[in-house]
Amino acid sequence: MNKILLLEDDILFGESLQDLLEDESYEVVLCRNGQEALDATYNSKFNLYLLDINVPLIDGISLLKDLRHSNDRTPAIFLTSHVQKEVMVNGFISGADDYMKKPFDTDELLLRMHALLLRANSIQNESYGSLRIDKQQKRIFKDDCELDLSVKEYTLLALMIRQNGKVVTKEVIINELWHACESVSDGAIRVYINRLKGELGSEAIENIRGVGYRLVS
């Protein structure tokens, strides 16, 4: 289920839109001001942002700028009563993917949301065999069951999935998992490889002696 952050300070409009989206099987978190919305992004991962602009505490454009500066690439649509072209331009400059002026057709909104989510999912999800990465949520699934991975385990397995069965050298693994100033032994790499084997099965990862490792589909 896709999770939507809806920033809207008009209570009646916000609740009406929330009901509409939930009827379409979206999970919706409704926030009344920009600070509440910002806090929500720290506590949850969202698939899409629907943002009013003229809201209390932190306006929608400033909020999206802050999120983009923190490398948050979640698709975002501005829903606003502003009609000035300058506001629209600033909205796109801040990192918006789309912009709709109130009042808008709800069927059109649903179509635009669907298109953005499809595009985002095609970018965010990569797979190899029964394994699938959700890059936005930083999770990996095997046969649609989420794997219980630490940050380094996720990073290593995602690296191997992206290689599509090709060998990942030890040097590449070290560069991906550790800072340049850190001293890393082959034993440290084996620790994480063995943990992944515990999740995937001992035959899922092949050791190419002296070179590196590869996933076996």
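Right at the start of α2, a side-chain oxygen of Asn33 comes to within 3.1 Å of the backbone nitrogen of Gln35. This is a predicted model, so local features need pLDDT of at least 70 and side-chain atom pairs count only at pLDDT 80 or more, while totals for chains, interfaces and linings use all residues. Residues are numbered from 1 along each chain as its sequence is written, and side-chain values use heavy atoms, with hydrogens and water left out.

**Helix α2**
- Helices (H or I, at least four residues) and strands (E, at least two) are DSSP runs, numbered from the N terminus.
- In α2 (residues 34–43), Gly34, Ala37, Leu38, Ala40 and Thr41 are buried, where buried means under 20% relative accessible area, exposed over 50% and partly exposed in between (1.4 Å probe, protein chains only).
- Those buried residues sit on the same side of α2, because they cover an arc of only 155° around the axis; the arc is that of the directions from the helix axis to the C-beta atoms.
- Flip to the other side of α2 and you find Tyr42 and Asn43 exposed.
- The buried residues of α2 pack against β1, β2, β3 (48–51) and α3 (60–69), with contact meaning heavy atoms within 4.5 Å.

**The sheet**
- Five strands form an open sheet with parallel pairing, in the order β2-β1-β3-β4-β5; two strands pair if DSSP finds at least two bridges between them.
- β2 (27–31) and β5 (98–101) are at the edges with a single partner strand each, so one side of each has no neighbour in the sheet.
- Strand β1 (residues 3–7) runs parallel to β2 and is joined to β2 by 5 bridges, and Leu7 has Cys31 in β2 as its bridge partner.

**Asp52**
- Asp52 sits in the loop between β3 and α3 and is buried, at a relative accessible area of 7%.
- Its side chain makes a polar contact with the side chain of Lys102 (3.5 Å); a polar contact is a pair of N or O atoms within 3.5 Å, and within protein one must be able to donate a hydrogen and the other to accept it, while residues adjacent in sequence count only if both atoms are side-chain atoms.

**Nonpolar cores**
- The largest nonpolar core has 26 residues, and Ile140, Leu157, Ile173 and Leu215 have the most contacts inside it; such a core is a set of buried Ala, Val, Leu, Ile, Met, Phe, Trp, Tyr and Cys residues joined through side-chain atoms within 4.5 Å.
- α6 gives the most to this core, with 7 residues.
- A second, separate core of 21 residues includes Leu38, Phe46, Tyr49 and Ile58.
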